[in-house]
Amino acid sequence: MNTINLSMLEITLQSEFSLRDDGFVDDIESHAKKVYLESGKSLEEFYKDWDPPAEDESEGGLCIVDDERKAIIICYKRHANPEDDIAVRAHEETHALIFLDRIALLQERLGEIGLGVDLSKCPAERLAGYGAFYALKRRGLSGMSVSPNMRNDIPIWDFYNLQKPD
Ligand SMILES: [Zn+2]
């Protein structure tokens, strides 16, 4: 068993998988290709899995599962706004948590900060948004200073009962 330490979510758990946090990388796509190749996968497989970001946005981070080596690899881009960094890192950590089928741990933590939500039917990207929000709140941040293009992915509007701007 491996100890997985999700540092932004401040959640530690045991798993047969291990977590490798490659940290901030210059380019998500080329880093992901490197991870595929070192996992013994081909670039064809990479392109089959790769979901290119929309033209007006860039990939903030990525979570790759290497079934062969039972490893989860996460990496992310550096943002100008430090709150964005926390959000993106927690987002990718939450994808790892989803893969490990341990999202109940996040629900527990959200309950501790007064956000009683049922995560059992949430789609993955929504869950990752809750993870990002939790990591910010945990650090005494409201989430309101996250860059506008990222804020859409974070359920702060639900939490503060605010009207979401267009
Ligand atoms: Zn995501």
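A residue is buried if 20 or more other C-beta atoms lie within 10 Å of its own, and exposed if 12 or fewer do. I wrote that down before anything else, then looked up the share of buried residues: 31% of the 166 residues of the chain. I also noted that this is a predicted model.

**Entry 1: the whole chain**

I looked up the helices and strands and found seven helices and five strands. Read along the sequence, they follow the pattern β-β-β-α-α-β-β-α-α-α-α-α. How compact is the chain? The radius of gyration is 16 Å, close to the 15 Å of the globule rule for 166 residues, so the chain is as compact as a globular protein of that length. Along the principal axes, the C-alpha atoms fill a box of roughly 45 × 40 × 25 Å. I then turned to contacts between residues at least 6 apart in sequence, and 62% of them join residues at least 24 apart.

**Entry 2: a hairpin**

Next I went to β1 and β2, which form a hairpin with four residues between them. The two strands run antiparallel and are joined by five bridges. One pair I picked out is L6, which stands opposite I11 in β2. In the turn I found E10, with a positive phi of about 55°.

**Entry 3: the open sheet**

I found an open sheet of three strands, in the order β3-β5-β4, with mixed pairing. Which strands stand at the edges? They are β3 and β4; each has a single partner strand, so one side of each is left without a neighbour in the sheet. On average, neighbouring strands here are turned by 15° against each other, direction ignored.

I looked closer at β4 and β5, which run antiparallel and are joined by six bridges. Here G61 has Y76 in β5 as its bridge partner. Two helices that pack on the sheet went into my notes. Helix α1 touches β3, β4 and β5, and its direction makes about 10° with that of β4. Helix α3 also touches β3, β4 and β5, with an angle of about 25° to the direction of β4.

**Entry 4: the nonpolar core**

The largest nonpolar core has 36 residues, and L9, I74, A87, A90, A132 and A135 have the most contacts inside it. Elements giving two or more residues to this core are β1, α1, β4, β5, α3 and α5. Which element gives the most? It is α5, with eight residues.

I followed L9 a little further. Leaving aside neighbours within four places in sequence, L9 is in contact with A90, E93, T94, L106, G131, Y134 and A135.

**Entry 5: two residues to compare**

Is G23 buried or exposed? G23 has 10 other C-beta atoms within 10 Å, so G23 counts as exposed, the cut-off being 12 or fewer. This residue lies in strand β3, residues 18-24. I also checked G23 against R78: they are 55 residues apart along the chain, and their C-alpha atoms are separated by 9.0 Å.

My other choice was P155, in the loop between α6 and α7. P155 counts as buried because 20 C-beta neighbours lie inside 10 Å, and the definition asks for 20 or more. Which residues does P155 contact, leaving aside neighbours within four places in sequence? They are G129, Y130 and F133. From P155 to Y130 I noted 25 residues in sequence and 6.3 Å in space, C-alpha to C-alpha.

Methods: Residues are numbered from 1 along each chain as its sequence is written. This is a predicted model: local features need pLDDT of at least 70, side-chain atom pairs count only at pLDDT 80 or more; totals for chains, interfaces and linings use all residues. A nonpolar core is a set of buried Ala, Val, Leu, Ile, Met, Phe, Trp, Tyr and Cys residues joined through C-beta atoms within 7 Å. Two residues are in contact if their C-beta atoms, placed from the backbone, lie within 7 Å. The radius of gyration is taken over C-alpha atoms; the globule rule is 2.2 Å times the number of residues to the power 0.38. Two strands pair if DSSP finds at least two bridges between them. Axes are lines fitted to C-alpha atoms, for helices over the stretch in contact, and angles run from 0 to 180 degrees between N-to-C directions.
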